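Here is a quick walk through a single chain, from its overall layout down to a handful of individual residues. Have the structure open and click along.

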Amino acid sequence: MARMVQCKKLNKELEGLDNAPFPGPKGLAIYETISKQAWEEWLTHQTRLINEKHLNMMDMTARTYLNEQRDKFLAGEDVDEADGYVPPSK
């Protein structure tokens, strides 16, 4: 049976992550309060930001920026959108 969490981002009980996404207190907090669905949405948004803003992940400023965006995204706050991104039409 899947582990369920009360997802802070989506405000409902959903399947939780299988493991903490990274070590330390922040990774544990995400594991305990963020659903697998919300985390996958973040990963998609993060990839879009990296690609469209041409972020260099070796640059500490870019990593700090993504960490701030991740925290805002998972808290349900407004986040930056990728410039020029056009979602696929359905």
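## Overall layout

The chain has three helices and two strands. Reading from the N terminus, the order is β-β-α-α-α, so both strands come before the helices under the DSSP run numbering. Keep in mind that this is a predicted model.

As for dimensions, the C-alpha atoms fill a box of roughly 40 × 35 × 20 Å along the principal axes. Of the 90 residues in the chain, 28% are buried. If you take the contacts with a separation of 6 or more, 47% of them link residues 24 or more positions apart.

## Surface and charge

The accessible surface adds up to about 6200 Å², and carbon and sulfur atoms own 51% of that. On the charge side, the chain carries 12 positive and 15 negative charges. The mean positions of those two sets sit 2 Å apart.

## The nonpolar core

Which residues have the most contacts inside the largest nonpolar core? That core has 14 residues, and the best-connected ones are Ile-30, Ile-34, Trp-39, Trp-42, Phe-73 and Leu-74. Helix H2 and helix H3 (60–74) each supply at least two residues of this core.

Phe-73 is a good one to click on. Setting aside neighbours within four places in sequence, Phe-73 is in contact with Lys-9, Ala-38, Glu-41, Trp-42, His-45 and Val-79. Trp-42, one of those partners, is also on the list of residues with the most contacts in the core.

## Ser-35, between two helices

Ser-35 lies in the loop between H1 and helix H2 (36–52). Is Ser-35 buried or exposed? Ser-35 counts as buried because its relative accessibility is 0%, and the cut-off for buried is under 20%.

The side chain of Ser-35 reaches the backbone nitrogen of Ala-38 at 3.1 Å. Leaving out residues up to four places away in sequence, Ser-35 touches Val-5, Cys-7, Leu-10, Leu-14, Glu-15, Gly-16 and Leu-17. Val-5 and Cys-7 on that list fall within strand S1 (4–7), while Leu-14 and Glu-15 fall within strand S2 (12–15).

## Two lysines

Lys-12 is in strand S2 (residues 12–15). With 45% relative accessibility, Lys-12 is partly exposed. Beyond residues up to four places away in sequence, Lys-12 touches Val-5, Gln-6 and Cys-7. Asp-83 is 71 residues from Lys-12 along the chain, and their C-alpha atoms are separated by 30 Å.

Lys-26 belongs to helix H1 (residues 25–33). Lys-26 is partly exposed too, with a relative accessible area of 38%. What does Lys-26 touch, not counting residues up to four places away in sequence? The partners are Arg-70 and Asp-71. Lys-26 and Asp-71 are 45 residues apart along the chain, with 9.6 Å between their C-alpha atoms.

## Positive phi in the loops

Most residues other than glycine have a negative phi. Two loop residues are worth a look on that score.

Asn-11 has a positive phi of about 55° although it is not a glycine. Asn-11 sits in the loop between strand S1 (4–7) and S2. Asn-11 counts as exposed because its relative accessible area is 63%, and exposed means over 50%.

The other is His-54, where phi is near 50°, again a positive value in a residue other than glycine. His-54 is in the loop between H2 and H3, and His-54 is exposed, with a relative accessible area of 70%.

## Two more helix residues

Gln-46 has its place in helix H2. Why does Gln-46 count as partly exposed? Its relative accessibility is 22%, so Gln-46 lands between the 20% and 50% cut-offs. The C-alpha atoms of Gln-46 and Met-1 are separated by 29 Å, with the two positions 45 residues apart along the chain.

Over in helix H3 you'll find Asn-67. Asn-67 is partly exposed, at 37% relative accessibility. Asn-67 and Arg-48 are 19 residues apart along the chain, and their C-alpha atoms are separated by 14 Å.

Note on methods: Residues numbered from 1 in each chain as written. Predicted model: local features only at pLDDT ≥ 70, side-chain atom pairs only at ≥ 80, totals over all residues. Heavy atoms only, no water. Helix = DSSP H or I, 4+ residues; strand = E, 2+ residues; numbered from the N terminus. Buried < 20%, exposed > 50% of the residue type's maximum accessible area, 1.4 Å probe, protein only. Contact = heavy atoms within 4.5 Å. Areas by Shrake-Rupley, 256 points an atom, 1.4 Å probe, with all protein chains shown as cover. Lys, Arg positive; Asp, Glu negative; His and termini not counted. Charge placed at Lys NZ, Arg CZ, Asp CG, Glu CD. Polar contact = N/O pair within 3.5 Å; in protein donor to acceptor, adjacent residues only side chain to side chain. Core = buried A, V, L, I, M, F, W, Y, C linked by side-chain atoms within 4.5 Å.
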